[in-house]
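Got the viewer open? Let's take a short walk through this one, one selection at a time.

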Amino acid sequence: TGIGSVGGDIMMEREVICGLPAGIHARTAVELYCLAKKYSGIMTLEHEGVCSNLLSMLDIMRLNVACGDKVRLAIQSPEETMAMEAIVNYIQGGQL
């Protein structure tokens, strides 16, 4: 877990290993988008140098994340602790 900043505001960051058996594809991108939509703020997922907005299903799918790949999740939100916990749990292979 780390702390970064965007425009002077504090942002939580964490590296996560994808535990979703099929990786992040169309169905899991929709589920990830719906999960992120529950929280306010800025949420991004980075894989192999490509950064996507978690509030864009197309952005999420273009990351092409496979099971076992490492991604970096960054969240700037008043609810960032709850959002981070929920999204990390899902990416690691947990349920919604």
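Start with the largest pocket: select Leu20, Arg27, Glu31, Tyr90 and Gly94, which lie nearest its centre among the 13 residues that line it. Keep in mind as you go that you're looking at a predicted model. The space in this pocket comes to about 150 Å³. Colour the lining by type and you'll get five nonpolar, six polar and two charged residues. Which element gives the most to that lining? It's helix 1 (residues 26–36), with three residues.

Stay on helix 1 and click on Tyr33, which is found there. Tyr33 counts as buried because its relative accessible area is 18%, and the cut-off for buried is under 20%. Now show what surrounds Tyr33: leaving aside neighbours within four places in sequence, it is in contact with Leu54, Leu55, Ser56, Met57 and Ile60. Try a distance label from Tyr33 to Met57: the two are 24 residues apart along the chain, yet their C-alpha atoms are separated by 6.0 Å.

Next, select helix 3 (residues 80–91). Its twelve residues should span 16 Å at 1.5 Å a residue, and the end C-alpha atoms are indeed 16 Å apart. Highlight the buried residues of helix 3: Glu80, Ala83, Met84, Ile87, Val88, Tyr90 and Ile91. Turn the view to look down the axis of helix 3: those buried residues fall within an arc of 160 degrees, so they line one face. On the face turned away from that buried side, pick out the exposed Thr81, Met82 and Glu85.

Last stop: Gly93, just after helix 3, where phi is positive at about 110 degrees.

How values were computed:
Residues numbered from 1 in each chain as written. Predicted model: local features only at pLDDT ≥ 70, side-chain atom pairs only at ≥ 80, totals over all residues. Heavy atoms only, no water. 1 Å grid on protein atoms, 1.4 Å probe; cavity = no way out; pocket = protein on both sides within 12 Å on 5 of 7 lines; lining within 4 Å. Points joined across faces, edges and corners; volume = space filled by probe spheres on them. Helix = DSSP H or I, 4+ residues; strand = E, 2+ residues; numbered from the N terminus. Nonpolar A, V, L, I, M, F, W, Y, C, P; charged D, E, K, R; others polar. Buried < 20%, exposed > 50% of the residue type's maximum accessible area, 1.4 Å probe, protein only. Contact = heavy atoms within 4.5 Å. Expected span 1.5 Å × (residues − 1). Arc of directions from axis to C-beta.
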